[in-house]
Amino acid sequence: MRGPMMRPVAAGLIASLALCGCATGAGGPEPAAKIETGGAGKPEFFVQWKTDLPGITRRPALAKGSVLPEYPPAAVRDEISGTTTLETCLTIDGVLVGPRIAQSSGSPLLDEATLAWAQVARFQPAEINGEPFAICGYRFDQEWRVTVDD
């Protein structure tokens, strides 16, 4: 008889969290800041993300066909679970720029896997009044769970 079978589950992107405020005008949000385009490719201008932005017509979402993060084999073996929260900018092209760990899962393996995945993940950008917009301060959770089948 075999022992229980372990199955890793990368339980995807959980709801984004509200962050700092942004300047707003009558026609919708104004860019929160203008930053230099550097080696990291940050957007030249962006809106500071918060969940109740005026004029938001589409929230950021993982793009169809984008790869999901790979569960680290050592974390599966050791049955390590946790949630890593990233904070990042998201360009109008759906690329995450400058992702950083806002809250650790408690496991360097899971945190590193989340950051590695963020380098290749593609998203649908936020839209404001139907137009794609670069945002910064966007937070999302990557939940990592190992389930044991009896």
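Let's start with a bond you can find by eye: Cys89 and Cys136 form a disulfide, with their sulfur atoms 2.0 Å apart. This pair ties together distant parts of the chain, since Cys89 sits in strand S8 while Cys136 belongs to strand S13 (residues 135-149), and 47 residues separate them. A disulfide, in general, is a covalent bond between the sulfur atoms of two cysteines. Here the link of Cys89 and Cys136 is right-handed, with 105° about the S-S bond. Both cysteines, Cys89 and Cys136, are buried. And if you go hunting for others, a search of the whole structure turns up one disulfide.

Keep in mind that you're looking at a predicted model. How high is the average pLDDT of the protein? The average is 77, and 70% of the residues score at least 70. Some stretches fare poorly, though. Over residues 1-5, pLDDT stays under 50, and the model has six contacts beyond four places in sequence for them. Residues 11-39 also have pLDDT under 50 throughout, and for this stretch the model has 69 contacts beyond four places in sequence.

Now back to strand S8, which covers residues 82-90 and includes Thr85. Is Thr85 buried or exposed? Its relative accessible area is 6%, under the 20% cut-off, so Thr85 counts as buried. What does the side chain of Thr85 make a polar contact with? Its partner is the side chain of Asp141, at 2.5 Å. So, following strand S8 along, you meet Thr85, which is buried, and Cys89, which is bonded to Cys136.

Key: Residues are numbered from 1 along each chain as its sequence is written. This is a predicted model: local features need pLDDT of at least 70, side-chain atom pairs count only at pLDDT 80 or more; totals for chains, interfaces and linings use all residues. Side-chain values use heavy atoms; hydrogens and water are left out. pLDDT is the predictor's confidence in each residue, from 0 to 100. Contact means heavy atoms within 4.5 Å. Helices (H or I, at least four residues) and strands (E, at least two) are DSSP runs, numbered from the N terminus. Buried means under 20% relative accessible area, exposed over 50%, partly exposed in between (1.4 Å probe, protein chains only). A polar contact is a pair of N or O atoms within 3.5 Å; within protein, one must be able to donate a hydrogen and the other to accept it, and residues adjacent in sequence count only if both atoms are side-chain atoms. A disulfide is a pair of cysteine sulfur atoms within 2.5 Å.
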